[in-house]
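User: Please give me a close look at one part of this chain, the helix packing, and then show what surrounds it. Keep it brisk and define your terms as you go.

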Amino acid sequence: MSAYRIILVGTDGSDSSFRAVDRAAQLAAATGATLLLASAYSPMPERERANAADRLGDLAYKVQGSTPADDALRAARERAVAAGATDIEQVAVEGDAVDVISKLAKEREADLVVIGNRGLNSLAGRILGSVPANLSHRSPCDVLIVHTTPHGR
């Protein structure tokens with residue numbers, strides 16, 4: 001088995017996804033791999049965005065475009081640096097998480113995708129399909145599903 005050169009980890013800014021970032025960063029630090037932090041986002045419909053912007057005033061930028069994803073990536077980068085990763089890239093891409101991560105893995109020729117297990121054992125995840133389960137079927141490379149939630153959730 002060859003060493004991992006590019007490790008891709010998805011984050012949505014949740015505590016669960018940050019635990020996956022921590023594990024991916026530790027692996028990147030140990031192997032000297034590039035850590036690619038990715039966040040998928042869905043734009044808010046214009047009418048909803050305008051309504052939120054009116055209520056938020058000076059903070060309206062928080063609901064515009066990829067700002068929430070960018071915020072998640074900044075926080076993930078801080079965690080990755082703290083975990084020892086040194087070669088870190090980040091990207092926010094509009095779209096569904098599974099589509100975005102599998103496409104990025106292919107385009108960037110990632111050797112490993114790291115994702116948290118949130119939703120894997122939930123009823124909705126079993127019925128509708130969870131991000132980790134769907135990604136494990138669609139990823140062009142190895143997938144590490146990190147236990148980030150208590151058992152049974």
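Analyst: An axis here is a line fitted to C-alpha atoms, for helices over the stretch in contact, and angles run from 0 to 180 degrees between N-to-C directions. Helices (H or I, at least four residues) and strands (E, at least two) are DSSP runs, numbered from the N terminus.

This is a predicted model, where local features need pLDDT of at least 70 and side-chain atom pairs count only at pLDDT 80 or more, while totals for chains, interfaces and linings use all residues. Residues are numbered from 1 along each chain as its sequence is written, and side-chain values use heavy atoms, with hydrogens and water left out.

Start with helix 1 (residues 15-31) and helix 3 (residues 67-82). Their axes come within 9 Å and cross at roughly 40°. Angles under 35 degrees count as roughly parallel, over 145 as roughly antiparallel, 65 to 115 as roughly perpendicular, and the rest as oblique. Helix 1 and helix 3 are therefore oblique to each other. The crossing is right-handed. That is, the near helix is turned clockwise from the far one by less than a right angle; anticlockwise would make it left-handed.

Who makes the contact, meaning heavy atoms within 4.5 Å? Helix 1 supplies F18, V21, D22 and A25, and helix 3 supplies A72, A75, A76, R79 and A80. By class, that gives seven nonpolar residues, two charged and no polar. Ala, Val, Leu, Ile, Met, Phe, Trp, Tyr, Cys and Pro count as nonpolar; Asp, Glu, Lys and Arg as charged; the others, Gly among them, as polar.

Q26 also belongs to helix 1. Its C-alpha atom is separated by 5.6 Å from that of A83, although their positions lie 57 residues apart along the chain. Q26 is partly exposed, with a relative accessible area of 43%. The cut-offs: buried is under 20% relative accessible area, exposed over 50%, and partly exposed in between (1.4 Å probe, protein chains only).

A second helix pair is helix 4 (97-107) with helix 6 (residues 131-138). The axes of helix 4 and helix 6 come within 10 Å and cross at roughly 35°. This crossing, too, is right-handed. Helix 4 brings A97, V98, D99, I101 and S102 to the contact, and helix 6 brings V131, N134, L135 and R138. The classes here are five nonpolar, two polar and two charged.

Helix 6 leads on to the sheet. Helix 6 lies across strand 4 and strand 5, running at about 165° to strand 4. The sheet is open, with five strands in the order 3-2-1-4-5 and parallel pairing. Strand 3 (88-94) and strand 5 (142-146) stand at the edges with a single partner strand each, so one side of each has no neighbour in the sheet. On average, neighbouring strands are turned by 25° against each other, direction ignored. Strands pair if DSSP finds at least two bridges between them.

Now strand 4 (residues 112-116). Three bridges join it to strand 1 (residues 6-10), in parallel. V9 stands opposite V114, and the bridge partner of L8 is V113. On the other pairing, five bridges join strand 4 to strand 5, again running parallel. There V113 has V143 as its bridge partner.

Strand 4 is mostly covered, with five of its five residues buried. L112, V114 and G116 point one way, V113 and I115 the other.

The loop before strand 4 looks unlike the strand itself in one respect: E109, in the loop between helix 4 and strand 4, counts as exposed at 55% relative accessibility. E109 has a positive phi of about 55° although it is not a glycine.

Across the sheet, T34 sits in strand 2 (residues 34-41). T34 is buried, at 14% relative accessible area. Leaving aside neighbours within four places in sequence, T34 is in contact with R5, I6, I7, D87 and E89.

Finally, the whole chain. It holds six helices and five strands. From the N terminus on, the elements run β-α-β-α-α-β-α-β-α-α-β. Of its 153 residues, 41% count as buried. Among contacts between residues at least 6 apart in sequence, 74% join residues at least 24 apart.

Conventions
Contact = heavy atoms within 4.5 Å.
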